[in-house]
Every structure is written in structure tokens, then in C-alpha cells.
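Visitor: I would like a close look at a single part of this protein, the interface between its domains. Please start there, and then take me outward into what surrounds it.

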Amino acid sequence: MTIRLRNLSATPAYKPGKAAPTDAPDAHTVFKLSSNENPYPPLPSVVRALEEQLDSVNRYPETAASALTRLLCERFDVEPENVVFGSGSVEIISQLMRATAGAGDEIVFAWRSFEAYPMLAVAAGATPVAVPLTPTHEHDFAAMLAAITPRTRLILVCNPNNPTGTTISADALEDFLAKVPAEIVVVVDEAYLQFNRRPDTAIGVDAMRRHDNVVVAHTFSKAYGLAGLRVGYALAPETVATALRQVALPFGVTSLAQAAAVASLHAETELDIRVDELVAERDRVGAALAEQGWELPASGGNFLWFPLGDDTTTAADVFEEHGLLVRPFAGDGLRVTIAEREANDRIIAAGAALRSSLLQQTAVAELELS
Ligand SMILES: *Cc1c(COP(=O)(O)O)cnc(C)c1O
């Protein structure tokens, strides 16, 4: 007898970033630049907060996460009713999909964007509708509006966009939201908010205050460096927030994750210094690559996007030869996370090597043509 499972053959698999080999010789450390992780270890104050929680892990975590909720309410000037937690903001996105869309319903998002979107949409039983980015790797809002049908239940907007790093202006988002039917939920995924230095950027919370259908998704994984603990949250209008809680994983945010998130918010000045350093490094690497002739999209995240098309897979090998594990999306491009200074210097070196090998390739191709 065959076990009856749902037909999940259409579910795109989530490919986690390649892990660094554990047997790497010290002389040539391999840097894992494939998951947009923060290279800094947790702050001593965060480690202390975790240690204080350890002897009570026999208890379930507090579902309301009241200490964390209080801090977020102060920070964003919202009520506890507006805050919902998830096991990473990936779970927030999944909650939104499960709360809004069922079989036959459509979820619209830009593509290429966060890999988890199509996967989670299919898992929710909904139909993913991927709208290609513009040639400059940005959300194509006109095309996204045109993709809305009577079956559309959720629209995802990623600012800055993973993996292209492109950002969205406040005016562009406002113009889009004004045209989206008010009964469709729009989520602004701001996983990289703290790295975004665009002066006129859209701010999800501002949009949420103006529109009853807008939800913001934030995470402690990237700028706060808590990827291994899994904690994210939604700021949402009360009706949506209530629905999200109804589909949330019970006890999805551990007591350790809550304690570390609280400690991180208390240590924000220290964490901001690290974020500033990563932003400075991103801009240093970006400038060095531009000098080499690369025309990469300006990034608002802790990563850079190389739009390499068919050269992506061989380009990933060049990075690997420099001891860098990056995230290639075959046929499209590759994403490199900004990390320690040594790793970043190697990105610059790999960029130079890649550039000359690609130019050589073109020269050979031209020679063969003539
Ligand atoms: C990393 C990321 C997330 C969420 O990560 P979690 O670790 O689940 O909080 C969400 N959206 C985007 C675009 C991301 O890159």
C-alpha cells in the first residue's frame, strides 16, 4: 500500500548555502558567503542572556514573548495586538501565505527574489505567480499590478531585494500600494532593513500606518546575527495579526531566541557599529569591483549580486578557487555575502580573476567568429 501524501512534485526545494568544509587547512580558510549571515559572533551580553535561560529550558517558551513585544511596541509605536512572532521571518511569510491563500489562490512576487517564496507558496497549497524583475534587477511594479487577478490573495515586496540588492523608493512603493486593491494583503519583507542606506527608501512601517492591508516582516537573523536561533516578527494590522496567530506554529519562538532578541535590542548601539562596518565593507568591495569594470546593481543588503547569466556556474568555481563559497543561481547570477575583511579582499581578487577570464573568453569567441 502506498502512503497517501499530497502531490508535492511542484515544490521547489530550498537549497541551503553550501557549508564550509570542516577540514580546511588554516592557511587557506574557506569563507561561507552563501547565506547572508553576519560574520560577527554574538555579543557577550547576548551570550550572557542565553546562559541565564539555559537552566529553564525544561519549560515551554512564553507564547506572547511579552518582554520582546514590549520593546518592539516602544520602538515602532504599535500595540501588542500588532506584533506576531515566528521561527524566523521565513515562518512569518509562511503564516501570511497560510492565513490568506488556499488551493487555487495566487501569491504574487517579484522574481528573482527570496528563494523561499515559491517553495512556501506551493507548500501552502497556493499558486506562485513570479513576476520578472526589470532589466535593472528591480521590482517591476507595473507588471506586478498587471499580474493581479480575482484570485490574488497576497503580494510580496522585498526591500532590499534578495539576491539582487536593489531597493525601492518610498514614492514607488506608495504609488504601487495606492493601486493594489485594498482587500489584498501586501507584505514588505525588510530582512536587510538595517543595511539599506538609500536616503529615500520605502519604510515598511510607514506604509503600514497608511494602509490597512500592509504587513511588515522583520528578522533578527541578519543585522542582529541571530540566524541560528530563529526569531522574526510581523508588524501587522490587528485583523491580519489575529489570523497569523491562528496559523502560527505553537511555541515557534524558543525562550533562548526570545532572550537573545531582547538582549540584542538592548545592545543595538553596539550592533549598529557592526552593521556600519559591514556597510562600509560592502561599499569598499563594490567600489573596487566597479574599478575593475563590473557594473553590479547598487546593493542595500549585506551582499552583492553578479548578474552573470550563463557564466554563473563557472564563475562560482572561480570564487571557490579563492576559498569562497557563494550562492550561484544557474543561468541567472550569483550572490556573495559581505563578511570578514579577509573574505572581502578575496571577493575583490576573485572579481579581478573572473573579469579577466570572461574577457579572455569573449576575445577567443570573437577571434573564432572572424
Ligand atoms: C534571510 C531572509 C529572511 C528571513 O530569514 P529568517 O532567518 O527566517 O528570519 C526573509 N526574507 C529574506 C528576503 C531573507 O533574505
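Guide: Happy to. Across the interface of domain 1 and domain 2 there are 10 residue pairs in polar contact, both residues being at pLDDT 80 or more. A polar contact here is a pair of N or O atoms within 3.5 Å; within protein, one must be able to donate a hydrogen and the other to accept it, and residues adjacent in sequence count only if both atoms are side-chain atoms. On the side of domain 1 that touches domain 2, helix H10 (268-291), S9 and S11 each supply at least two residues. H10 gives the largest share of that side, with six residues. Helices (H or I, at least four residues) and strands (E, at least two) are DSSP runs, numbered from the N terminus.

Two notes before we go on. This is a predicted model, in which local features need pLDDT of at least 70 and side-chain atom pairs count only at pLDDT 80 or more, while totals for chains, interfaces and linings use all residues. Residues are numbered from 1 along each chain as its sequence is written, and side-chain values use heavy atoms, with hydrogens and water left out.

Now the two partners themselves. The domain assignment, which comes from an automatic or database source, gives domain 1 as 27-41 + 269-369 and domain 2 as 44-266. In the contact between them (heavy atoms within 4.5 Å), 22 residues come from domain 1 and 21 residues from domain 2. Their C-alpha centres lie 27 Å apart. About 1,900 Å² is buried between domain 1 and domain 2, with carbon and sulfur atoms giving 58% of that area; buried area is the accessible area (1.4 Å probe) that two parts lose on being put together, summed over both.

Charged pairs also cross this interface: three salt bridges are found between domain 1 and domain 2, each being a side-chain nitrogen of Lys or Arg within 4 Å of a carboxyl oxygen of Asp or Glu. Take Asp332 and Arg112, which form a salt bridge with the closest N and O atoms 2.7 Å apart. The overall count comes to 15 salt bridges. Another one of interest pairs the side chains of Arg75 and Glu268, at 2.3 Å from N to O. That pair links distant parts of the chain, with Arg75 in helix H2 (residues 66-76), Glu268 in helix H10, and the two positions 193 residues apart.

Let us follow S9 and S11 away from the interface. They belong to an open sheet of three strands in the order S9-S12-S11, with antiparallel pairing; strands pair if DSSP finds at least two bridges between them. At its edges are strand S9 (303-306) and strand S11 (327-329), each pairing on one side only. Neighbouring strands of this sheet are turned by 15 degrees against each other on average, direction ignored. For such angles, axes are lines fitted to C-alpha atoms, for helices over the stretch in contact, and values run from 0 to 180 degrees between N-to-C directions. S11 and strand S12 (residues 333-337) pair over three bridges in the antiparallel sense, and Pro328 stands opposite Leu334 in S12. Packed on the sheet is helix H11 (residues 312-321), which touches S9, S11 and S12 and makes about 30 degrees with the direction of S12.

There is a second open sheet to see, with seven strands in the order S2-S8-S7-S6-S5-S3-S4 and mixed pairing. Here strand S2 (83-86) and strand S4 (127-132) are the edges, each pairing on one side only, and neighbouring strands are turned by 25 degrees against each other on average, direction ignored. Strand S3 (residues 106-111) and strand S5 (residues 152-158) are parallel partners over four bridges, with Val108 opposite Ile155 in S5. H2, which we met through Arg75, lies across S2, strand S7 (214-219) and strand S8 (232-235), at about 130 degrees to S2. Helix H3 (residues 89-100) lies across S2, S3, S5, strand S6 (185-189), S7 and S8, at about 115 degrees to S2.

Some backbone details round off the tour. In the loop between H2 and S2, Asp77 has a positive phi of about 55 degrees although it is not a glycine. The loop between S5 and helix H6 (170-179) holds Pro160, joined to Asn159 by a cis peptide bond with omega about -10 degrees. Pro163 also lies in the loop between S5 and H6, and the peptide bond to Pro163 from Asn162 is cis, with omega near 15 degrees.
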